[in-house]
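Colleague: Could you walk me through reading this fold, step by step? I would like the general idea each time, and then the case here.

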Amino acid sequence: MFIGKLEFKNPVFLAPMAGVTDMAYRILARELGCALVYSEMVSDKGIKYRNVHTLDMLKTSAGERPLTMQLFGAQPESLAEAAAYVESLGCADILDINMGCPAPKIVKNEEGSALMREPARAFAIMQAVRRAVKMPVTVKMRKGWDSENVNVVEMAKLAETAGMDAIAVHGRTREEFYRGHADWDIIAAVKQAVHIPVIGNGDIRSGQDAARMMEQTGCDAVMIGRAAQGNPWIFRKISEYLVTGKEPPEPDMAERSALILRHLDMLLAYKGEYVGPREMRKHATWYTKGLLHGAHLRELFNKAERREDFVEILDQMQACDFAAGKCMN
Ligand SMILES: Cc1cc2nc3c(=O)[nH]c(=O)nc-3n(C[C@H](O)[C@H](O)[C@H](O)COP(=O)(O)O)c2cc1C
């Protein structure tokens, strides 16, 4: 599939996730076979006022390209300005507009999924951003605001008219947040309604899920969110499954442990000695999900403050084959 002139032979993408898909995680996802990574959502106002934290989020590295930088906002001019700034930095290959975030603090500012309630404003935003930059522009939407207002098909047509290069659809309404099951039929309906590429999103946890979504909806690519938390190997799994019909084995403890340490080292380098380890705790919790004795490991990780603390816990993790439930100690 193509987004603008960028070709993707492997249709497996990482979903944007605030607090998760920072540079460190994106690099790991790319290394493990993810074809396109999305940034966390970045505020247009933060860019306008050159907020230090926001500008940090615009830092990217060669190892993660191609990369989509996702912006959120409510005003066409402000989003267009932010988009032009991102393009001028050359830090991303694609720009994405967030029309899916359900968080109350976002929605109350008419941002994120609130735009699903305002097609005219959403259209003006897409047009303004399209005009402001030369790079590909995409949009990520939900099914609609609530069950009474399911309008993603109409919104997708507006996106096509506004010149969007692709559209990602999460098959839940705003009202549903992350509950229940994503509606894949609505993704199929969007695919039927537009000629631009459609990226299907919601509840993909395995290669079989990805293949099923592509078959059921006809979508051009799939986007993985929660199942990728603490599990960048999912990209290798799904990519291989889509080609061979078989999933590779789970990573062994040595691979798992080496990757966790690399993740920590990148967080230390990018976020420093204080923030790095604290942010790593959350990822470590996800990395140990489903492992036998995972609860014990999580307790230890949650107290870890320095690199050495993590190394010690990882040594323990390797000494005990937690996955197999065999502990040599
Ligand atoms: C912790 C978290 C943060 C998220 N942040 C964003 C975001 O910044 N922008 C966005 O468009 N969607 C965001 N999402 C939604 C995901 O991109 C995705 O649409 C959703 O999780 C459904 O996909 P999944 O079932 O594969 O998780 C977030 C989801 C989670 C769980």
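Modeller: Let's start with a helix on strands: α9 (residues 207-217) lies across β9 and β10, running at about 135 degrees to β10. Helices (H or I, at least four residues) and strands (E, at least two) are DSSP runs, numbered from the N terminus. Angles run from 0 to 180 degrees between N-to-C directions, with axes fitted to C-alpha atoms, for helices over the stretch in contact, and contact means heavy atoms within 4.5 Å. This is a predicted model, where local features need pLDDT of at least 70 and side-chain atom pairs pLDDT 80 or more, while totals for chains, interfaces and linings use all residues. Residues are numbered from 1 along each chain as its sequence is written, and side-chain values use heavy atoms, without hydrogens and water.

Colleague: In what order do the strands of the open sheet run?

Modeller: Two strands pair if DSSP finds at least two bridges between them. Here 8 strands, paired in parallel, follow the order β3-β10-β9-β8-β7-β6-β5-β4. β3 (12-14) and β4 have a single partner strand each, so one side of each lacks a neighbour in the sheet. Neighbouring strands are turned by 30 degrees against each other on average, direction ignored. As one pair, β9 (residues 198-201) and β10 (residues 221-224) share 3 bridges, and Asn 201 stands opposite Met 223.

Colleague: Which strands of the sheet does α7 touch?

Modeller: β6, β7 and β8, with the direction of α7 at about 165 degrees to that of β7. An α-helix has 3.6 residues a turn, so residues three or four places apart point the same way. In α7, Val 152, Val 153, Met 155, Ala 156 and Ala 159 are buried (under 20% relative accessible area, with a 1.4 Å probe and protein chains only; exposed is over 50%, partly exposed in between). They lie on the same side of α7, because their arc, taken from the directions from the helix axis to the C-beta atoms, is only 160 degrees. Just after α7, Gly 163 has a positive phi of about 90 degrees.

Colleague: Is Ser 39 buried or exposed?

Modeller: Ser 39, in strand β4 (residues 37-43), is buried, at a relative accessible area of 1%. Outside its sequence neighbours within four places, Ser 39 contacts Pro 16, Met 17, Thr 21, Arg 26, Thr 68, Met 69 and Gln 70. A polar atom of the Ser 39 side chain lies 2.9 Å from the backbone nitrogen of Gln 70.

Technical notes. Polar contact = N/O pair within 3.5 Å; in protein donor to acceptor, adjacent residues only side chain to side chain.
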